[in-house]
Amino acid sequence: MTAPSSGAKWVLLLQRGSEDVLSEAAAMTAAASSLGLEVVLVWFDGALEALVSGRLDADSDERSAGCLFRQARETGRVRYLACSASMVSSRFGPEKVREKVDDIVGWPTAIHL
């Protein structure tokens with residue numbers, strides 16, 4: 001099997017914060033990053049709440065969404081972006097959101113990706 005050409009990228013838009021959705025996204029992210037793909041996760045609404053609340057940090061099981069996301073981030077091929085509108089409507093302020101993501105972007109940037 002050959003590694004994908006450089007510049008290959010996946011963009012996942014995560015809106016719902018349910019365990020099943022986050023688990024599937026984490027598995028896809030871990031698989032893609034392990035294959036050498038760049039992955040950009042854009043966090044919206046319930047998914048952003050799950051990330052910023054620390055709910056994903058509490059997962060210590062190797063198969064958990066939080067653990068898979070952490071392992072994928074450690075490859076250096078995964079970026080987290082927060083939707084600016086979701087950040088404004090969240091119960092967390094911009095400082096707390098910035099602690100968990102690489103950048104905060106608007107919808108036009110997410111669509112451009």
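This passage walks through a predicted model, starting with its sheet and moving on to the helices, the cores and the aromatic rings.

The sheet is a good place to start. It is an open one, built from four strands in the order β1-β2-β3-β4, with parallel pairing. The edge positions go to β1 and β4 (residues 103–105); each has a single partner strand, so one side of each has no neighbour in the sheet. From one strand to the next, the twist averages 30°.

Looking at the pairings in turn, β2 and β3 run parallel and are joined by five bridges. Here Val42 sits opposite Leu81 of β3. On to the next pairing: β3 and β4 are held in the parallel sense over three bridges. Leu81 turns up again, this time standing opposite Asp103 in β4, while Cys83 faces Val105 of β4. As for its surroundings, β3 has five of its six residues buried, so the strand is largely enclosed by the rest of the structure.

Now for the helices. Helix α3, covering residues 65–74, lies across β1, β2 and β3, and runs at about 120° to β3. Helix α2 takes up residues 45–53, and its buried residues are Ala47, Leu48, Glu49, Ala50, Leu51 and Val52. What do these buried residues pack against? The list takes in the strands β1 (9–14), β2 (38–43) and β3 (78–83), along with the helices α1 (19–34), α4 (84–89) and α5 (94–100).

Both ends of α2 have something to show in their backbone angles. Most residues other than glycine have a negative phi. Asp45, however, has a positive phi of about 40° although it is not a glycine. This residue belongs to helix α2 and is partly exposed, at a relative accessible area of 35%. After the helix comes Gly54, and its phi is positive too, near 90°.

Gly54 also comes up among the contacts of Lys100. This lysine is found in helix α5 and, leaving out residues up to four places away in sequence, touches Leu51, Val52, Gly54, Asp57, Arg73 and Tyr80. In sequence, Lys100 and Val52 are 48 residues apart, yet their C-alpha atoms are 6.2 Å apart in space.

What about the inside of the fold? In soluble globular proteins, nonpolar side chains tend to be buried together. In this model the largest nonpolar core has 29 residues, of which Leu41, Trp43, Phe69, Tyr80 and Val97 touch the most other members. At least two residues of this core come from each of β1, α1, β2, α2, α3 and β3. Apart from it lies another core of seven residues, including Val40, Val42, Cys83 and Val105.

Val97 gives a feel for how distant parts of the chain meet. Setting aside its neighbours within four places in sequence, Val97 is in contact with Leu48, Val52, Ala82, Met87, Phe92 and Ile104. Over in helix α1 is Thr29, with a relative accessible area of 0%, so it counts as buried. Again not counting residues up to four places away in sequence, Thr29 touches Leu12, Val39, Leu41, Phe69, Ala72 and Val78.

That leaves the aromatic rings. Across the whole structure, a search finds four aromatic pairs. One of these brings together Phe69 and Tyr80 in an edge-to-face arrangement, 6.3 Å centre to centre and with 90° between the planes. The pair links distant parts of the chain: Phe69 is in helix α3 and Tyr80 in strand β3, eleven residues apart. Are these two rings' residues buried or exposed? Phe69 is buried, with 2% relative accessible area, and Tyr80, at 6%, counts as buried as well.

The rings do not stop at that pair, since Trp43, Phe69 and Tyr80 are linked by ring pairs into a cluster. Tyr80 has a charged companion too: the charged end of Arg73 sits over its ring, 3.9 Å from the centre.

Conventions: Residues numbered from 1 in each chain as written. Predicted model: local features only at pLDDT ≥ 70, side-chain atom pairs only at ≥ 80, totals over all residues. Heavy atoms only, no water. Buried < 20%, exposed > 50% of the residue type's maximum accessible area, 1.4 Å probe, protein only. Contact = heavy atoms within 4.5 Å. Pairing = 2+ DSSP bridges. Axes fitted to C-alpha atoms, helices over the stretch in contact; angles between N-to-C directions. Core = buried A, V, L, I, M, F, W, Y, C linked by side-chain atoms within 4.5 Å. Phe/Tyr/Trp six-rings, centres within 6.5 Å; stacked < 30°, edge-to-face > 60°. Lys NZ or Arg CZ within 6 Å of the ring centre and 35° of its normal.
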